[in-house]
Amino acid sequence: MESPEPGQLLTAREIDLVRASVAAVEPYAADLPRFFYAMLFDRYPQVRELFPAQMDVQHDRLVRALLLIVELVDDPANLVTFCGNLGRDHRKFGTLSAHYPAVGECLLATLEHFAGPAWTDEVAAAWTRAYNAAARTMDQAAIDDARHRPAVWQARIVGHLRRSADLAEITVRTDQPYPFTGGQFVGMETPWWPKIWRYYSPANAARPDGSITFQVRAVTGGRISNALVRRAVVGDVLRLGAPLGDMVLDRGSQRGAVCVAGGTGLAPIRALIEQAVLDGRQLPLDLFVGARSFEELYALDDLYELSRRHPWLTIRAAVADEQSVGRGGGDQLLQALASCGPWPRHDAYLAGPGPMIVAAARILRRGGIPLERIHHDPFVSIDLVDPS
Ligand SMILES: Cc1cc2nc3c(=O)[nH]c(=O)nc-3n(C[C@H](O)[C@H](O)[C@H](O)COP(=O)(O)OP(=O)(O)OC[C@H]3O[C@@H](n4cnc5c(N)ncnc54)[C@H](O)[C@@H]3O)c2cc1C
Ligand code: HEM
């Protein structure tokens with residue numbers, strides 16, 4: 001049998017087969033998750049308790065990620081990074097090594113069901129190799145991670161401040177030390193919606209007393225955000241997964257930084273700036289921040305205070321109407337970013353609504369910042385942003 005090229009997981013033919021089978025099931029993408037979970041819970045009822053009671057449309061993320069593996073099969077370095085992070089993050093769900101073969105078996109059976117005649121023994125063998133490579137990487141990363149930190153931290157709410165009708169500032173203390181770096185984000189579970197995890201970004205760098213502050217906006221119809229803003233009180237205990245994300249300041253860089261924040265995206269950027277102060281930064285850092293109302297710019301008071309004490313920090317704020325923030329992050333903010341640039345020799349850090357990140361990335365790319373120096377929330381893709 002043909003062997004993969006050095007450094008590759010699958011042969012060129014296997015990659016083609018795996019990709020062709022995904023194309024064959026694409027028309028059934030909406031039905032796939034329901035079929036997969038029904039089979040998984042039927043064949044392996046013991047894994048049901050890892051998942052939330054109510055499985056809704058959002059729970060197609062696992063299946064979507066499994067299909068993403070297909071995008072990465074010919075890019076082993078990225079596959080290893082992606083699966084390593086995912087595997088470590090899966091510790092908070094209670095995932096064990098023994099669960100991987102069960103998920104793999106049901107994934108393949110689901111694909112077989114929907115692919116019809118396109119599913120051959122050769123396709124099945126290629127998929128088995130692709131899934132096993134991903135599962136092994138996830139599992140090994142989780143095993144290594146378990147050697148030096150817990151899967152979950154208990155976090156007691158010690159402060160709950162309503163900053164506006166739908167924004168709360170929530171401060172917690174963890175039961176064990178919780179090392180993180182300003183700019184990272186954290187999986188959080190509340191006592192009211194067991195097994196439902198959402199990501200929130202600490203709005204501070206590590207403090208001597210270990211407390212962490214989150215800024216949470218209640219979104220319309222949103223379960224966790226509304227519970228956190230309107231229901232949570234001091235004394236309630238949340239659960240945190242390990243910190244994630246690499247949107248952290250590059251301490252070795254001799255370049256200035258340009259930061260763009262929209263809405264609650266200010267939280268990680270604020271943490272990053274606090275980190276810069278702690279690190280004794282002297283290089284310029286330009287912050288562009290957009291909010292939906294003047295009320296929401298509250299969090300800037302102490303940043304302005306920091307900028308008075310640290311001449312390397314410059315802040316420009318813009319208030320945009322609600323629609324404009326959702327669409328592209330606030331036209332004034334983006335205009336300001338464009339007119340103050342370009343920053344070809346800077347690193348960039350972007351956090352906020354997806355459309356804002358994409359629009360800001362486009363301006364910065366045009367201004368000469370290469371893609372690899374634009375750091376942002378990993379769930380937004382800017383790879384295809386056209387710099388021309
Ligand atoms: C890296 C990262 C960092 C983040 N940091 C922050 C932060 O610091 N602060 C912050 O406030 N947020 C942050 N978020 C957003 C946060 O993770 C949540 O997405 C947000 O709080 C909404 O969660 P929810 O459970 O309240 O809403 P969900 O219940 O997930 O609902 C979200 C939306 O989907 C709709 N919806 C829900 N269920 C369904 C359904 N079955 N069918 C159709 N529509 C549905 C809801 O009506 C709502 O409009 C961050 C997100 C990421 C990815
Ligand atoms: C290669 C294998 C796997 C991949 C690629 C994968 C991928 C994912 C992704 C991307 C998410 C969404 C994470 C988030 O948004 O927070 C997720 C959620 C989850 N995964 Fe996995 N997963 C895999 C294997 C497993 C296994 C073996 C289990 C254990 C049975 C498992 C259990 C869960 C649970 C409980 C959730 C959260 C429930 C939910 O929100 O739907 N996963 N997975």
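This briefing walks through the domains, the helix packing, the two ligand sites and a pair of backbone details in the structure above. Please keep in mind that the model is predicted. The domain assignment splits the chain into domain 1 (12-146), domain 2 (153-240) and domain 3 (256-376). Ligand 1 lies between domain 1 and domain 2, because both give residues to the shell around it. The shell around ligand 2, for its part, draws its largest share from helix α3.

**Domains**

- Taken over C-alpha atoms, the centres of domain 1 and domain 2 are 30 Å apart.
- Where these two domains meet, four residues of domain 1 are in contact with four residues of domain 2.
- On the domain 1 side of that contact, two residues are nonpolar and two are charged, with no polar residues.

**Helix α1 and its partners**

- Helix α1 (residues 12-25) packs against helix α6 (residues 121-146) at an angle of about 100°, and their axes are 9 Å apart.
- With that angle, α1 is roughly perpendicular to α6.
- If you would like to find this contact on the model, look for E14, L17, V18 and S21 in α1, which meet E122, V123, A126, W127, R129 and A130 in α6.
- The residues of the α1 and α6 contact comprise six nonpolar, one polar and three charged.
- Helix α1 also crosses helix α5 (residues 99-115), at roughly 65°, and the two axes come within 8 Å.
- The crossing of α1 and α5 is left-handed.
- S21, A24 and V25 supply the α1 side of this contact, while L111, F114 and A115 supply the α5 side.
- By class, the contact of α1 with α5 has five nonpolar residues, one polar and no charged.
- S21 is worth a look, since it appears both in the contact with α6 and in the contact with α5.

**Helix α4 against helix α6**

- The axes of helix α4 (residues 76-89) and α6 come within 7 Å, crossing at roughly 50°.
- The two helices are therefore oblique to each other.
- The crossing of α4 with α6 is right-handed.
- From α4, the contact takes L79, V80, C83, G84, L86, G87 and R88; from α6, it takes A134, T137, M138, D139, A141, A142 and D145.
- Sorted by class, the α4 and α6 contact has eight nonpolar, three polar and three charged residues.

**The site of ligand 1**

- Around ligand 1 there are 24 residues, of which G221, G222, I224, S225 and T264 come nearest.
- The elements giving two or more residues to this shell are β4 (197-200), β5 (212-217) and α7 (223-231).
- The shell around ligand 1 is made up of ten nonpolar, nine polar and five charged residues.

**The site of ligand 2**

- Around ligand 2 there are 19 residues, and the nearest are R61, L62, A65, F93 and H99.
- Two or more residues of this shell come from each of α3 (61-72), α5 and α6.
- Helix α3 gives four residues, the largest share of the shell.
- In the shell around ligand 2, 14 residues are nonpolar, four are polar and one is charged.

**Backbone details to check**

- G341 and P342 are joined by a cis peptide bond, with omega about -5°.
- P342 sits in the loop between α11 (331-340) and β10 (346-351).
- K195 has a positive phi of about 70°, although this residue is not a glycine.
- You will find K195 in the loop between β3 (186-189) and β4.

Methods. Residues numbered from 1 in each chain as written. Chains lettered and ligands numbered in written order. Predicted model: local features only at pLDDT ≥ 70, side-chain atom pairs only at ≥ 80, totals over all residues. Axes fitted to C-alpha atoms, helices over the stretch in contact; angles between N-to-C directions. Parallel < 35°, antiparallel > 145°, perpendicular 65-115°, else oblique. Contact = placed C-beta atoms within 7 Å. Nonpolar A, V, L, I, M, F, W, Y, C, P; charged D, E, K, R; others polar. Left-handed = near helix turned anticlockwise from the far one by under 90°. Near = placed C-beta within 6 Å. Domains from an automatic or database assignment.
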